[in-house]
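I am keeping these entries while looking through one structure. Each one records what I looked up and what came back.

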Amino acid sequence: MFFDLHNDFPTVLESDRFGEYIKKSGGVVTAAIWTSAFGEYEAVDTVNKLTERLSVYGIPIAIEDLGFLERKYAEENFDFSRYFYCSLTWNYDNIYAGGAMSLGKLTARGTAIINRLNCFCALDTAHLNKYSFFKAVDAAKHPMCSHTGFNNCERCLDDEQIKAIINRHGIIGLSAVKKFSGASNVKDLAEVVDSFTQSYGPDALCLGTDFYGSDDLPDDFNGYGCIDALKNEMNKLGYTDEDTDKFLYKNAQLFYEEITNERYL
């Protein structure tokens, strides 16, 4: 079993292929709706339609880049309770925060929308720059990072950022993207997991593949059929099946249950 924190398939696949893809995956796939790909005036309707379509499969749904809610009436009427997590922006500045490729800071509207998210879902810090990251983590009830790595890259987390999320009982999704993970193959990816675990413990790191979000993937880890190979490589490093289950499934599942259970308190 696995729980993937981030997969961009809703933005890439035709909706009539969703069911087959989810079934074939063999695990829990978080459907991330990447709104940056949609036109300004069609984005709200597109997100709502995709959410309706995805909700029938009983999988976690997420929003990547809340910037499509720039028009105030759209923001005020948006139902955040339907989502596992939402991120504020993509790689560039918007009305909420600064992205990884920019210098913007968390705005007053960004803080306000985090306060709304706190009632319903987690805040995804993926794609934030450092100017926005720490302010956003401080404001969030449940901060996380759905897909990232620890390489020397604007989209990656450093030691201080990792500790900030862990200290708030958040989780971090390890992306398979080579630029982020620094992994050229599945063996390298297992070693990234091992290095993180040795430094920060076994309870925060999860799988956050970013499948369909990038072509920069190892040839031997480019789909869910490769999960067993990753597990085998972790076993070779001395990890038991219980250890690998934490990374592949349990850490994410426990966090997800905490988010969804709080909605009904």
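Is Ala 32 buried or exposed? I looked this up to start with, keeping in mind that the model is predicted. Ala 32 counts as buried, because its relative accessibility is 0%.

**Entry: Ala 32**

I placed Ala 32 in strand S2, which covers residues 28-34. I then listed its contacts, leaving aside neighbours within four places in sequence. Ala 32 touches His 6, Asn 7, Asp 8, Pro 10 and Thr 11, and also Ala 62 and Tyr 85. For one of these, His 6, I looked up the C-alpha separation from Ala 32: 5.9 Å, with the two positions 26 residues apart along the chain.

**Entry: Phe 133 and helix H6**

I went next to Phe 133, which sits in helix H6, residues 130-139. Phe 133 has a relative accessible area of 0%, so I noted it as buried. Setting aside neighbours within four places in sequence, I found Phe 133 in contact with Thr 125, Leu 128, Leu 157, Gln 161, Ala 164 and Ile 165. I also looked up Phe 133 against Glu 70, which is 63 residues away along the chain; their C-alpha atoms are separated by 20 Å.

Which residues of H6 are buried? I found Ser 132, Phe 133, Ala 136 and Val 137. These cover an arc of only 125 degrees around the axis, so they are on the same side of H6. An α-helix has 3.6 residues a turn, so residues three or four places apart point the same way. On the other side of H6 I noted Lys 135 and Asp 138 as exposed. The cover over the buried residues of H6 includes helix H5 (108-117), strand S5 (122-124), strand S6 (143-148) and helix H7 (159-167).

**Entry: positive phi values**

I looked for backbone angles that stand out. Most residues other than glycine have a negative phi. His 169 has a positive phi, near 60 degrees. I located His 169 in the loop between H7 and strand S7 (172-174). His 169 counts as exposed, because its relative accessibility is 65%.

Tyr 212 also has a positive phi, near 70 degrees. I found Tyr 212 in the loop between S8 and H10. With a relative accessible area of 35%, Tyr 212 is partly exposed.

For a glycine, I noted Gly 238, just after H10, with a positive phi of about 100 degrees.

**Entry: helix H10**

I then took helix H10, residues 227-236, and listed its buried residues: Ile 227, Leu 230, Glu 233 and Met 234. Viewed down the axis of H10, the buried residues fall within an arc of 125 degrees, so they line one face of the helix. Asp 228 and Lys 236, on the other side of H10, are exposed.

What covers the buried residues of H10? I found that the cover includes helix H9 (186-200), strand S8 (205-207) and helix H11 (241-262). I looked up the two helices in turn.

**Entry: H9 against H10**

Two packed helices are described by the angle between their axes and the distance between the axes. For H9 and H10, I noted axes that come within 9 Å and cross at roughly 60 degrees. The two helices are therefore oblique to each other. H9 passes H10 in a right-handed crossing. From H9 the contact takes Val 186, Lys 187, Leu 189, Ala 190 and Val 193, and from H10 it takes Ala 229, Leu 230, Glu 233 and Met 234. By class, I noted seven nonpolar, no polar and two charged residues in the contact of H9 with H10.

**Entry: H10 against H11**

How do H10 and H11 pack, and at what angle? I noted an angle of about 130 degrees, with the axes 10 Å apart. That angle makes H10 oblique to H11. The crossing of H10 past H11 is right-handed. On the H10 side I listed Ile 227, Leu 230, Lys 231, Met 234 and Asn 235, which meet Asp 241, Thr 244, Asp 245, Phe 247 and Leu 248 in H11. The contact of H10 with H11 has five nonpolar, two polar and three charged residues.

How values were computed:
Residues numbered from 1 in each chain as written. Predicted model: local features only at pLDDT ≥ 70, side-chain atom pairs only at ≥ 80, totals over all residues. Heavy atoms only, no water. Buried < 20%, exposed > 50% of the residue type's maximum accessible area, 1.4 Å probe, protein only. Helix = DSSP H or I, 4+ residues; strand = E, 2+ residues; numbered from the N terminus. Arc of directions from axis to C-beta. Contact = heavy atoms within 4.5 Å. Axes fitted to C-alpha atoms, helices over the stretch in contact; angles between N-to-C directions. Parallel < 35°, antiparallel > 145°, perpendicular 65-115°, else oblique. Left-handed = near helix turned anticlockwise from the far one by under 90°. Nonpolar A, V, L, I, M, F, W, Y, C, P; charged D, E, K, R; others polar.
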